[in-house]
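User: I am new to this structure. Please take a close look at the loops and the strands they connect, and explain what is found there.

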Amino acid sequence: MNVGRASEILESKGVIDVNYNGCSVWIKNINQEQQTAEIEILDAPSNSQVVSVNDLHEGTID
């Protein structure tokens, strides 16, 4: 994913499925300069981390 699309998802009023390493995540914040995103893994809400937006994928993973 690129920073522009990650920002669109963050600002969206809808729910858009985003995955990181096979886990569904919620994008909490975007750092456009560093091209990173603060994410929260939905199955472990206390597990917040900063990752490269390039490692995020839109849609479900089968």
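Analyst: Asn21 is found in the loop between strand 1 and strand 2. This is a predicted model, and in it Asn21 has a positive phi of about 50° although it is not a glycine. Most residues other than glycine have a negative phi. Asn21 counts as exposed because its relative accessible area is 63%, and the cut-off for exposed is over 50%.

The loop between strand 2 and strand 3 holds Gln35. The phi of Gln35 is also positive, near 55°, in a residue other than glycine. With a relative accessible area of 40%, Gln35 is partly exposed.

After that loop comes strand 3, which pairs with strand 4 in the antiparallel sense over five bridges. A hairpin of six residues joins strand 3 to strand 4, and Glu40 stands opposite Ser48 in strand 4. Leu42 lies in the loop between these two strands and is partly exposed, at a relative accessible area of 44%. Together with Val15 and Trp26, Leu42 forms a nonpolar patch on the surface, with about 350 Å² of accessible area in total.

The strands also contribute to the interior. The largest nonpolar core has 14 residues, and Ala37 is among those with the most contacts inside it. Strand 1, strand 2 and strand 3 each give two or more residues to this core, as does helix 1. Ala37 touches Ile27, Ile30, Val53 and Leu56, among others, not counting residues up to four places away in sequence.

Note on methods
Residues are numbered from 1 along each chain as its sequence is written. This is a predicted model: local features need pLDDT of at least 70, side-chain atom pairs count only at pLDDT 80 or more; totals for chains, interfaces and linings use all residues. Side-chain values use heavy atoms; hydrogens and water are left out. A nonpolar core is a set of buried Ala, Val, Leu, Ile, Met, Phe, Trp, Tyr and Cys residues joined through side-chain atoms within 4.5 Å. Buried means under 20% relative accessible area, exposed over 50%, partly exposed in between (1.4 Å probe, protein chains only). Helices (H or I, at least four residues) and strands (E, at least two) are DSSP runs, numbered from the N terminus. Contact means heavy atoms within 4.5 Å. Patches are made of residues with over 30% relative accessible area and no salt bridge: like charges are joined within 9 Å, nonpolar side chains (Val, Leu, Ile, Met, Phe, Trp, Tyr) within 5 Å. Accessible areas come from the Shrake-Rupley method with a 1.4 Å probe; for residues, only the protein chains shown count as cover. A salt bridge is a side-chain nitrogen of Lys or Arg within 4 Å of a carboxyl oxygen of Asp or Glu. Two strands pair if DSSP finds at least two bridges between them.
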